[in-house]
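User: Hi! Could you help me read this structure and its terms?

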Amino acid sequence: MNSPLVWAHRGASGYAPENTLPAFKLAAEMGADGVELDVQLTKDGVIVVCHDERIDRTSNGAGFIRDYTLKELKEFDFCNGNIAYEGTKIPTMEEVFDLLEPTGLTINIELKTGVYFYPGIEEQILELTKRKGWLDRVIFSSFNHYSIMKIKELEPAALTGFLYADGTLGMPGYAAENEVNALHPALYNLQYPDYMDDCNMFDIDVNVWTVNSEADLIKCRDYGVNAVITNYPEKAVKLYSRN
Ligand code: G3P
Ligand code: MG
């Protein structure tokens, strides 16, 4: 059986501050196949990488990303309490593309459009992805399925996945009907009867989050998923004997 691909969740966030350039660099060094990251839009319309709509949890600042210009956001420290990384700034999406360009890694870009819709973010992320020559190395996902359908409408060649949490029924058929490439379920969905069989039947990739323990990594391999999204890419790579 093939081992799953290893995608580093918010970069190698088990070791370095989440969604920062050091976390993405570390993921590449640890042998990950890709990284997962989250995008938001600044006041002056720049796509930046951050999980939350606010910067309070992950930086020494406070407030909403949409209320700051990029220049203002770059004043804050995103080391998130990890002093080894003091001085780490919020990355733009463009900076991440540039950093990972030589590595061959893929990027799973999660559009955080569930709280604010950030009108125009779909056009903008596609324009940037294409301009940087990354279209065939990116898979777009979101809990906001309207965002994903918008991406598909704007660029039918874009790879796409529907994110969802636990317990929703009929997702493989729904994904197939909407012609997305993948489902991104929380781990516990895998146990539902026929789930993997249905995904295989509809040719839908299964990219699972967030898979951190050895037991869960083994479970995902046994289920035959396409990718695990993990905070500990080094552990997953070793377990799957990738190096
Ligand atoms: O994309 C997988 C996972 O990141 C979804 O949840 O909250 O970590 O963005 P969250
Ligand atoms: Mg995410």
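User: What makes the pair between Arg-10 and an oxygen atom of ligand 1 a polar contact?

Analyst: Happy to help! This is a predicted model, where local features need pLDDT of at least 70, side-chain atom pairs count only at pLDDT 80 or more, and totals for chains, interfaces and linings use all residues. Residues are numbered from 1 along each chain, ligands are numbered from 1 in the order written, and side-chain values use heavy atoms, without hydrogens and water. A polar contact is a pair of N or O atoms within 3.5 Å. An N or O atom in the Arg-10 side chain is 2.8 Å from an oxygen atom of ligand 1, so the pair fits the definition.

User: Which distance puts Lys-112 in a polar contact with ligand 1?

Analyst: An N or O atom of the Lys-112 side chain lies 2.8 Å from an oxygen atom of ligand 1. For His-9, a polar side-chain atom is also 2.8 Å from a ligand 1 oxygen. The protein buries 90% of the 290 Å² that ligand 1 exposes when taken alone, with areas from the Shrake-Rupley method and a 1.4 Å probe.

User: Why is Trp-209 counted among the residues around ligand 1?

Analyst: A residue is near a molecule if one of its heavy atoms lies within 4 Å of it. Trp-209 is listed around ligand 1, as are Glu-36, Asp-38 and others.

User: How many residues of each class are in that shell?

Analyst: The shell around ligand 1 has 5 charged, 3 nonpolar and 2 polar residues. Asp, Glu, Lys and Arg count as charged, which means that Glu-36 and Arg-10 belong to that class.

Terms used. A polar contact is a pair of N or O atoms within 3.5 Å; within protein, one must be able to donate a hydrogen and the other to accept it, and residues adjacent in sequence count only if both atoms are side-chain atoms.
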